[in-house]
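Here is a short briefing for a first look. Keep the sequence and the structure open as you read.

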Amino acid sequence: MDYAARLAKEFATKAEYVQNIIDLFDAGNTIPFIARYRKEAHGSMDDQTIRSLCDKLTALRAIDTRRDEVRALIDAQGQLTEEVSAALDAAATVTEIDDVYRPFRPKRKTRASVAREKGLAPLAELILAQETAADLAALAKEYVDAEKDVADETAALDGARDIIAEMISDDADVRKRIRNLVWTNGTIKSVADGDGADSVYASYGDYAEPVAKIPPHRILALDRGEKEGKLKVSVATDETRPRAVLHRLFLKNDTPSAKLVAEAADDAYGRLIYPSAERETRSELTKAAAEQAISVFALNLRQLLMQPPVRGKTVIGLDPGYRTGCKTAVVDPTGKVLATTVLYPTHSADQIAKSKAKLRELIETYRADVLAIGNGTASKETELFAVDVLHTVSRPAAYMVVSEAGASVYSASKLAADELPNLDLTLRSAVSIARRLQDPLAELVKIEPKAIGVGQYQHDMPQKRLEETLDGVVEGCVNSVGADLNTASPALLAHIAGLNATVAKNIVAYREANGAFASRAELKKVPRLGPKAYEQCAGFLRVPESKNPLDRTAVHPESYKAAEALLARCGFTTEDAAAGRLSELAEKVGAIGAETLAKELAIGVPTLNDIVAELTRPGRDVRDALPAPMLRTDVLDMKDLTEGMVLKGTVRNLTDFGAFVDIGVHQDGLVHISQICNRFIKHPSEALKVGDIVDVRVLSCDVKKARISLSMKGINKA
């Protein structure tokens, strides 16, 4: 297969670019490296597009691998005809390839195989040909054989019918046609099973929706309800059309033989083809729904990881709890733990008073700027408690409720034990919550992505596919931001292009043994970090302490000579770069001409533009262009909400059916997709991102069910 041509058409780009990506990918280059430092080779595609292209390439190669396997299996049987080979070449999916293989696949004992053992295959072939108007009993008479357990003509005809039914069922074209009919005309249905009518699946207790229209999140809900024994799910379709298709394909006349073939076709449909088509349809629905859910999870995770850091702030992390109290940690702007304690916001009046005094003391003593409150058990009570304290301190301070998903996973991990060896396991989660506010990316990379909690039905997904996708998201985010070589944790370094957990630990070990890295080139001294790994990772690692100002930027070492020549050509020096005196660089490049300069420097225009951007704004963080997190100083209760009230909130999660927004009342409100904006959108991600600050109007509030319905229509620009 010409993968480049196929993928170029699908991704609407040049085949030359696709072939370059394939060659780079096959040569062991990482996707972040290809996206950032080989832009000329692929026309400046972004890393997400390149990752999607490589995923599709892998899938196409898997199909071809299966095609070759099946071809070899059929050939080993001596039955690989030109017709069969052409059918394999035409098959576009693994399912279609397996359909071609079906007649040749070794079968378990079936009604048809038993009939063949009785010598009834010639009778079946004769009847299927429909070339004689002879009475069926007369045709079957010579196949009656007591020794073969063919007692009479009826038994012979029954066996022949079974063989014909299996032959019809094994026809690849037939299966494809029936699958298409089920997909276009079928209806997926569910009924309550057991106590399903009284469960969270009550709305699916008597439910039906066309297969072609059912949205992915409902498929996943039906699958989970069935798995939990609450629902019985099936696919129904009008049998008239598929049976008519089979009759049209296999009936040649109106002879007695044709009538038996019609019976065999009906049997094949009901007993063999439709059950298989139903399973395959549901499998395809689930696969597509899982891909959509993984896509939404990846989108939410990317947006969560790329939330702007809260820099230069001393933060107090609060991990709420009832019985064991609220674990508390004070963390300085660099993430260093200054103090820890346990507060009791939900205990006796005396303990609450003492805890308020203690929190007030921590804020004043360490000049804390922000309280980061975990959103788990007792979060609401802790939030009210914290606001009372904030109103009494002498310095300006605010708070923010932070997702604590995965904090307990981190606190019990070996990584946490290595980072915080002197802290009790329960206090580590408070440190993690504080650091999440300071730098979401640096802290959340320490946690398994699927434990972060921004997906839907993530435990029902194909776990290998989910992990691959989410790991790709983390890799993309980490490399788009880059890392400080002298402060980055092993967890962060492990996601840098070209590095793995072992090499990341070696970097930290080298740093601890030899002091801070003085340059990027010093990376070459790290054990097990070879030339290829250096090529892939160097551009994503910054060395702020380096004497060479280029080491502090995302300019790749392979482009240092070009960067230095560019500075000289425009009348600057590296000292100017180090002092930040390059504000006129872009203007001078424009005056000379980007294409002219690129030719002089023997680099591409995209690389030239990247070098100029990096030299002009060294150390820039792409996250700074996003809206800053919304800090609060007061708190609302659900009882305070009234219909029509307009509030400001933060988008916490996106799903297929809407967006969940934190409006400061502990319970996130739902903005249904129909209430996001005035224009039609297929998915909330078309208008919103996780972390967006939005204005919402309260439509309804059910305190008993803890449900808040919100609208953004007519309030926001979207």
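The model is predicted. R36 is partly exposed, because its relative accessible area is 22% and the buried class ends at under 20%. That residue is a good place to begin, since its charged partner leads on to other parts of the chain. The points below cover charge pairs, two helices, one sheet and the aromatic rings.

**Salt bridges**

- Side chains of opposite charge can pair when their charged atoms come close.
- The count for this model comes to 51 salt bridges.
- One of them joins the side chains of R36 and E614, at 3.5 Å from N to O.
- This pair links distant parts of the chain, with the two positions 578 residues apart in numbering.
- R36 sits in helix 3, residues 31–37, and E614 sits in helix 30, residues 605–616.
- E614 is buried, because its relative accessibility is 5% and the limit for that class is under 20%.
- E614 also meets R620 in a salt bridge, at 3.6 Å from N to O.
- R620 is partly exposed, with a relative accessible area of 34%.
- Another salt bridge brings together D692 and K689, with 3.5 Å from N to O.
- D692 counts as buried at 12% relative accessibility, whereas K689 counts as partly exposed at 37%.
- Shared partners join R311, D439, D621, R623 and D624 into one network of salt bridges.

**Helix 1**

- Helix 1 covers residues 3–10.
- Its buried residues are Y3, A4, L7 and A8.
- Seen down the axis of helix 1, these residues fall within an arc of 125°, so they line one face of the helix.
- An α-helix has 3.6 residues a turn, so residues three or four places apart point the same way.
- Which helices do the buried residues of helix 1 pack against? They pack against helix 2 (15–26) and helix 5 (47–76).
- A12 follows helix 1, and its phi is positive, near 50°.

**Helix 29**

- Helix 29 runs over residues 594–601.
- L597, A598 and L601 are buried in this helix.
- Down the axis of helix 29, the buried residues fall within an arc of 100°, so they line one face.
- The face turned away from that buried side carries the exposed residues E595 and K599.
- The buried residues of helix 29 pack against helix 26 (560–569), helix 28 (585–592) and helix 30.
- Helix 30 is also the helix that holds E614.
- A602 follows helix 29, with a positive phi near 60°.

**The sheet**

- Strands of a sheet pair through backbone hydrogen bonds, either parallel or antiparallel.
- Here 3 strands form an open sheet. Their order is 2-1-3, and the pairing is antiparallel.
- Which strands form the edges? They are strand 2 (206–210) and strand 3 (231–236), and each pairs on one side only.
- From one strand to the next, the twist averages 15°.
- Strand 1 covers residues 187–192. It pairs with strand 2 in the antiparallel sense over 5 bridges.
- I188 stands opposite E209, which lies in strand 2.
- Helix 13 (residues 216–227) packs on the sheet and touches strand 1, strand 2 and strand 3. The direction of helix 13 makes about 130° with that of strand 3.
- Helix 15 (residues 256–305) also packs on the sheet, touching strand 1 and strand 3. The direction of helix 15 makes about 115° with that of strand 3.

**Aromatic rings**

- A pair of aromatic rings is described by the distance of the centres and the angle of the planes.
- The structure holds 6 aromatic pairs.
- The rings of Y269 and Y274 have centres 5.6 Å apart and planes at 45°, so this pair is tilted.
- Are Y269 and Y274 buried or exposed? Both Y269 and Y274 are buried.
- F33, Y37 and F540 form one aromatic cluster.

Definitions and conventions:
Residues are numbered from 1 along each chain as its sequence is written. This is a predicted model: local features need pLDDT of at least 70, side-chain atom pairs count only at pLDDT 80 or more; totals for chains, interfaces and linings use all residues. Side-chain values use heavy atoms; hydrogens and water are left out. A salt bridge is a side-chain nitrogen of Lys or Arg within 4 Å of a carboxyl oxygen of Asp or Glu. Helices (H or I, at least four residues) and strands (E, at least two) are DSSP runs, numbered from the N terminus. Buried means under 20% relative accessible area, exposed over 50%, partly exposed in between (1.4 Å probe, protein chains only). The arc is that of the directions from the helix axis to the C-beta atoms. Contact means heavy atoms within 4.5 Å. Two strands pair if DSSP finds at least two bridges between them. Axes are lines fitted to C-alpha atoms, for helices over the stretch in contact, and angles run from 0 to 180 degrees between N-to-C directions. Rings of Phe, Tyr and Trp (its six-membered ring) pair if their centres lie within 6.5 Å; planes under 30 degrees apart count as stacked, over 60 as edge-to-face and the rest as tilted.
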